[in-house]
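Good morning, colleagues. I would like to take a few minutes to present one model, moving from the chain as a whole to a single sheet.

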Amino acid sequence: MKQFNFFKSKYAALVLGCAALFFSCSKDNNDDPILAPEVGMTVDTQAVEMTMGETLNFEAINLNDAVYSSAWTIGDSLVSSVGTYEFMPETSGEYELTYRASNDAGEFVFDYNISVAALIRPTTPDSKAYVTDLFEFLPAPGQFINKSPGNLESAEGVLNGKNGLVSLGAWGGSITLGFDHTVLNSENEKDFIVYGNALPTFSEPGIIWVMQDENANGLADDTWYEIKGSGHDLEDTKRNYSVTYFKPATADDDVAWEDSEGNTGAVVKNMFHSQAYYPEWITAESYTLTGTMLPDTNIDMSNPSWITSAAYDYGYGDNTTGGDEIDIADAIDAEGNSVSLQGIDFIKIQTGVQADMGWLGELSTEVSGIADLSLLN
Ligand SMILES: [Ca+2]
Ligand SMILES: [Ca+2]
Ligand SMILES: [Ca+2]
Ligand SMILES: [Ca+2]
């Protein structure tokens, strides 16, 4: 709590009370026996910084024995109606806390802007460079789904190294993974690397999402921020886009889809993969995936025996040979605004292009491992 200056006496608080709202400290009118509130705040700075897990006690001190009602509000919510408020944030982020003392003679108001930083899990000598936890494997339908490299075992195989391989299926399929520590956002440096199986002339870009454990519960249930790659500003890139995949009647049938713009298509069966393409552990008749779609314009099928898919410059998984290094500073929020993250705990990779490449089948992002660059030799 060293960042706060607490008043050591009511005298000092009185000075603040008058300084902060001098008009409520005016002399009482002799005709009016009601005293306007004169209040001193024990936390006397409007901008307050704290970290998840900390508790901060706010107190409003009645300096003139006036009779008034107290109200502490965060946004529209009344959180306390006495002179004190114990703030225990459930998640990191920005909070606007207001204290209001009022009676018929006047009002005293004090606003706080509280910035709650996410908890950083520091690296230790035992920290692993590679992701250690699988939170979700939710592929789109595809030729490799329901077998290696597109089953749960494949997804678990990308933990603790870079020699696994998991295919995420067609557009929107994803895997959510976590580190055993917080990957810090190093200034002006790339922070983590996503390994895939891209070839020099064949990339299958996957959108990368990052998340802080804002509520410090160890689960990937917080806010996803998207890494803005070099294709994000293209005219045909679509954010907040969805595709619904429909369970086919039999394993031999194509998987039909409809997108959020009313377009329809199919993940088309080919002669190489006889198993069902629709994830067999999904029992619902359809499921919908949401994310960002990059255009398929990097794919060149003019020579059917030599189909190529050029890489984007930066910012995607399964994009360039040797792995794709990512800067957490490229994270953006849902509105596309840049966000400043101190570090990240969770990561999601999601197939970013919807493309039927003929005999090669659908474009599908692969992941073979993800590592914290600061812990790699
Ligand atoms: Ca960085
Ligand atoms: Ca969480
Ligand atoms: Ca693939
Ligand atoms: Ca690939």
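What follows is a short description of this predicted model.

Let me begin with the overall make-up. The chain contains two helices and 25 strands. Its radius of gyration is 28 Å, whereas the globule rule gives 21 Å for 377 residues; the value is well over that figure, so the chain is more spread out than a compact globule. Along the principal axes, the C-alpha atoms occupy a box of roughly 95 × 50 × 35 Å.

I turn next to packing. Of the 377 residues in the chain, 40% are buried. If we consider contacts with a separation of 6 or more, 73% of them join residues that lie 24 or more positions apart.

Now to the sheet. As a general reminder, strands of a sheet pair through backbone hydrogen bonds, in either a parallel or an antiparallel arrangement. Here, three strands make up an open sheet, with antiparallel pairing and the order 1-3-6. Which strands lie at the edges of this sheet? They are strand 1, residues 39-41, and strand 6, residues 84-87, each of which pairs on one side only. On average, and with direction ignored, neighbouring strands of the sheet are turned by 15° against each other.

Finally, one pairing in detail. Strand 3 covers residues 56-62, and its antiparallel pairing with strand 1 runs over three bridges. Within strand 3, Ala60 is the residue that Met41 stands opposite.

To close, I return to the main point: this is a chain of two helices and 25 strands, more spread out than a compact globule. Thank you for your attention.

Methods: Residues numbered from 1 in each chain as written. Chains lettered and ligands numbered in written order. Predicted model: local features only at pLDDT ≥ 70, side-chain atom pairs only at ≥ 80, totals over all residues. Helix = DSSP H or I, 4+ residues; strand = E, 2+ residues; numbered from the N terminus. Rg over C-alpha atoms; globule rule 2.2 N^0.38 Å. Buried ≥ 20, exposed ≤ 12 C-beta atoms within 10 Å, placed from the backbone. Contact = placed C-beta atoms within 7 Å. Pairing = 2+ DSSP bridges. Axes fitted to C-alpha atoms, helices over the stretch in contact; angles between N-to-C directions.
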